[in-house]
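Visitor: I am new to this one, and I like to know the reasons behind the labels. Could you show it to me and let me ask about them?

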Amino acid sequence: MHHFDFDEIIDRRHTNSLKYDFAAERGYPEDVLPFWVADMDFRAPQAVREAIRQRAEHGIFGYSSPKEEYYAALEKWFDTRHGWRPGKDALVITPGVVFALSTAVRTFTQAGDAVLVTEPVYYPFFSTIEGNGRRLVTSSLLFEDGAYRMDFADMEKKITENKVRLLLLCSPHNPVGRVWRREELERLASICLAHDVLVVADEIHADFVRPGNKHTPFASLSPEVAARTITCTAPSKTFNLAGLQLSNIFITEKSLRQRFQKEVYSTGYGEPNLFGLLAAQAAYSEGGPWLDSLLAYLEENIAHTKRFLAEHLPQVQLIEPEGTYLLWLDFRACGLEVKALDRKIIEEARLWLDDGAIFGKSGAGFQRLNIACPRATLEKGLEALARVFG
């Protein structure tokens, strides 16, 4: 029986950690406790660390490329966990999912073209569109009875009016925690196929799905949908490997894949990071038991947060998450203007969360909380909120 100690508190300061070491550079007090950026305060699986250690001891770090074992590990993972087999030939490796989003925008649209996103959404979606000289078109998710859903009528209207040819889909959704049902994705797919819209599906949180929910890869809906989908995946969220800069992008349609690959090469990126390859292969081959234990631990963190809010902060509404390890908290009942809310959390609670407004206009009054940390750390953060808002 495997045992993994997710209660261990590991000091991440002075490790060039974006999460812990750059508060002052980003205008925050040095002593804030961070719950913002989406990486975890847990060590990667032992198999990953051992693979890196062995190669580090070898001492030669030349150009590298994946061998057959790498493709086999990915294929087994996605087949076993998600019932999806995109195939070896579909794979393009990039240094990150945001890199891939930006590459897709440049590859499949022209300057001035409209690109659609639903918001609130992971904020780099906005910069990858506008930073590449494309026109951002947004459709707000509908928030009713404490839950979010897509506004299909509005999405189709925006697609038609703006001649949208590319849509960025967040699935599972960051920050609201939705795991889209198959029927929801099928309805979206029918709209996109009818209007010849290419879908770039960011599925980086696919492995964080709560009991009773199931992640459906968008490209798995049908061969027709797969032929119009770029699927972005990575081991970075699942196994806490973001700093190793490696993502696996699947594009089954050959001509789209060739165009995407050509754009990747034009950036000067050719061979993947050696340690990223080693870590991904080890994680996907041997990391299953670690992830299963982690998911159980995160379930307990969610339950603890719900109990704490109900008892000490009933005015703060937790939007019931279906996936990811990011909780979406509704502070609007506190009656504070957006900047005042953020200031109170930072200056009085001494916490660093993600202000909901950065995810889009409908995120105003919300905050995103990362619970992928030891429970003692989570308790410390929740208690700080209670002292200020309770």
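Visitor: What makes the span of helix H11 close to the expected one?
Guide: Keep in mind that this is a predicted model. Helix H11 covers residues 288-312, 25 in number, and reaches 36 Å from its first C-alpha to its last. The expected span is 1.5 Å times one less than the number of residues, and for H11 that comes to 36 Å, so the two values agree closely.

Visitor: Which residues of H11 are buried, and what do they pack against?
Guide: Among the buried ones are Trp-290, Leu-294, Tyr-297 and Phe-308. The buried residues of H11 pack against helices H2, H8, H10 and H13, and against strands S11 and S12.

Visitor: Why are S11 and S14 called edge strands?
Guide: They belong to an open sheet of four strands in the order S11-S12-S15-S14, with antiparallel pairing. Strand S11 (317-319) and strand S14 (354-355) each pair on one side only.

Visitor: How do you know that S14 pairs with S15?
Guide: Pairing needs at least two bridges, and two bridges join S14 to S15, so they count as paired. The strands run antiparallel, and Asp-354 stands opposite Arg-368 in S15.

Visitor: Why is the pair of Trp-328 and Phe-366 called stacked?
Guide: Their ring centres are 5.0 Å apart, with 10° between the planes. Centres within 6.5 Å make a pair, and planes under 30 degrees apart count as stacked, so both conditions are met. This pair links distant parts of the chain, with Trp-328 in strand S12 and Phe-366 in strand S15, 38 residues apart.

Visitor: Why do Trp-328 and Phe-366 count as buried?
Guide: Buried means under 20% relative accessible area. Trp-328 is at 0% and Phe-366 is at 1%, so each meets that limit.

Visitor: What makes the pair of Tyr-70 and Tyr-71 edge-to-face?
Guide: The whole structure holds 27 aromatic pairs. In this one the centres are 6.2 Å apart and the planes make 90°; edge-to-face asks for over 60 degrees, so the label fits. Tyr-70 is also buried, because its relative accessible area is 1%.

Visitor: Which charged residues lie over rings, and at what distance?
Guide: Lys-88 lies over the face of Tyr-71, at 4.9 Å from the ring centre. The charged end of Arg-375 sits over the ring of Tyr-297, 4.4 Å from its centre. Tyr-297 also belongs to a cluster linked by ring pairs, including Trp-290, Tyr-284 and Phe-239.

Methods
Residues numbered from 1 in each chain as written. Predicted model: local features only at pLDDT ≥ 70, side-chain atom pairs only at ≥ 80, totals over all residues. Heavy atoms only, no water. Buried < 20%, exposed > 50% of the residue type's maximum accessible area, 1.4 Å probe, protein only. Contact = heavy atoms within 4.5 Å. Phe/Tyr/Trp six-rings, centres within 6.5 Å; stacked < 30°, edge-to-face > 60°. Lys NZ or Arg CZ within 6 Å of the ring centre and 35° of its normal.
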